[in-house]
Amino acid sequence: MRYEIRVDGHLSEPLIKVFPELDHVTMSGQTLLFGHVVDEAHLYGLLARCQSLGLRVVEMRQVPE
């Protein structure tokens, strides 16, 4: 499954490194994290990382492979 997770703000390099399995692009005051998610547990783990870092998730969606 491929997912996109859009968060508020431009993530610094140390924050980007917390998500090594995802690619990223910054645009319009937001950062888009995207990539392959293995299963639901992995997805919830990504969201938990966002929450623990105080990141505000604006949108999350599954995208076609």
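At 75% relative accessibility, serine 28 counts as exposed in the predicted model. Serine 28 is placed in the loop that links strand S2 (23-27) to strand S3 (30-36). Its backbone conformation is notable in one respect: although serine 28 is not a glycine, its phi is positive, at about 50°. Most residues other than glycine have a negative phi.

The strands on either side of this loop belong to an open sheet of four strands, ordered S2-S3-S1-S4 and paired in antiparallel fashion. S2 and S4 occupy the edges of the sheet, and each has a single partner strand, so one side of each is left without a neighbour in the sheet. From one strand to the next, the twist averages 15°. Strands of a sheet pair through backbone hydrogen bonds, in either a parallel or an antiparallel manner. S1 and S4 run antiparallel and are joined by six bridges. Within S4, glutamine 62 is the residue that stands opposite tyrosine 3.

Glutamate 4 is located in strand S1. With a relative accessible area of 17%, glutamate 4 falls under the 20% limit and is therefore classed as buried. When neighbours within four places in sequence are left aside, the contacts of glutamate 4 comprise Leu32, Leu33, Phe34, Glu59, Met60, Arg61 and Val63.

The largest nonpolar core contains 13 residues, and among these Phe19 and Leu33 touch the most other members. Strand S1 (2-8) and helix H2 (40-52) are the elements that give two or more residues to this core. Beyond residues up to four places away in sequence, leucine 33 touches Tyr3, Glu4, Ile5, Leu11, Ile16, Phe19, Leu22, Asp23 and His24. The contact list of leucine 33 thus includes Phe19 as well as the buried glutamate 4.

Attention now turns to the chain termini. Methionine 1 is placed in the segment before S1. At 31% relative accessibility, methionine 1 counts as partly exposed, a value that lies between the limits of 20% and 50%. Apart from residues up to four places away in sequence, methionine 1 touches Gly35, His36, Val37, Val38, Asp39, Glu40, Gln62 and Glu65. The C-alpha atoms of methionine 1 and aspartate 39 are separated by 7.5 Å, with the two residues 38 positions apart along the chain.

Glutamate 65 lies in the segment that follows strand S4 (57-63). The relative accessible area of glutamate 65 is 67%, and this residue is accordingly exposed. Outside its neighbours within four places in sequence, glutamate 65 is in contact with Met1, Arg2 and His36. The side chain of glutamate 65 has a polar atom 3.0 Å from the backbone nitrogen of methionine 1, and the side chain of glutamate 65 also reaches the backbone nitrogen of arginine 2, at 3.2 Å. In contrast to these contacts, the C-alpha atoms of glutamate 65 and alanine 41 are separated by 19 Å, and the two residues are 24 residues apart along the chain. His36 appears among the contacts of glutamate 65 and also among those of methionine 1.

Methods: Residues are numbered from 1 along each chain as its sequence is written. This is a predicted model: local features need pLDDT of at least 70, side-chain atom pairs count only at pLDDT 80 or more; totals for chains, interfaces and linings use all residues. Side-chain values use heavy atoms; hydrogens and water are left out. A nonpolar core is a set of buried Ala, Val, Leu, Ile, Met, Phe, Trp, Tyr and Cys residues joined through side-chain atoms within 4.5 Å. Buried means under 20% relative accessible area, exposed over 50%, partly exposed in between (1.4 Å probe, protein chains only). Contact means heavy atoms within 4.5 Å. A polar contact is a pair of N or O atoms within 3.5 Å; within protein, one must be able to donate a hydrogen and the other to accept it, and residues adjacent in sequence count only if both atoms are side-chain atoms. Two strands pair if DSSP finds at least two bridges between them. Axes are lines fitted to C-alpha atoms, for helices over the stretch in contact, and angles run from 0 to 180 degrees between N-to-C directions.
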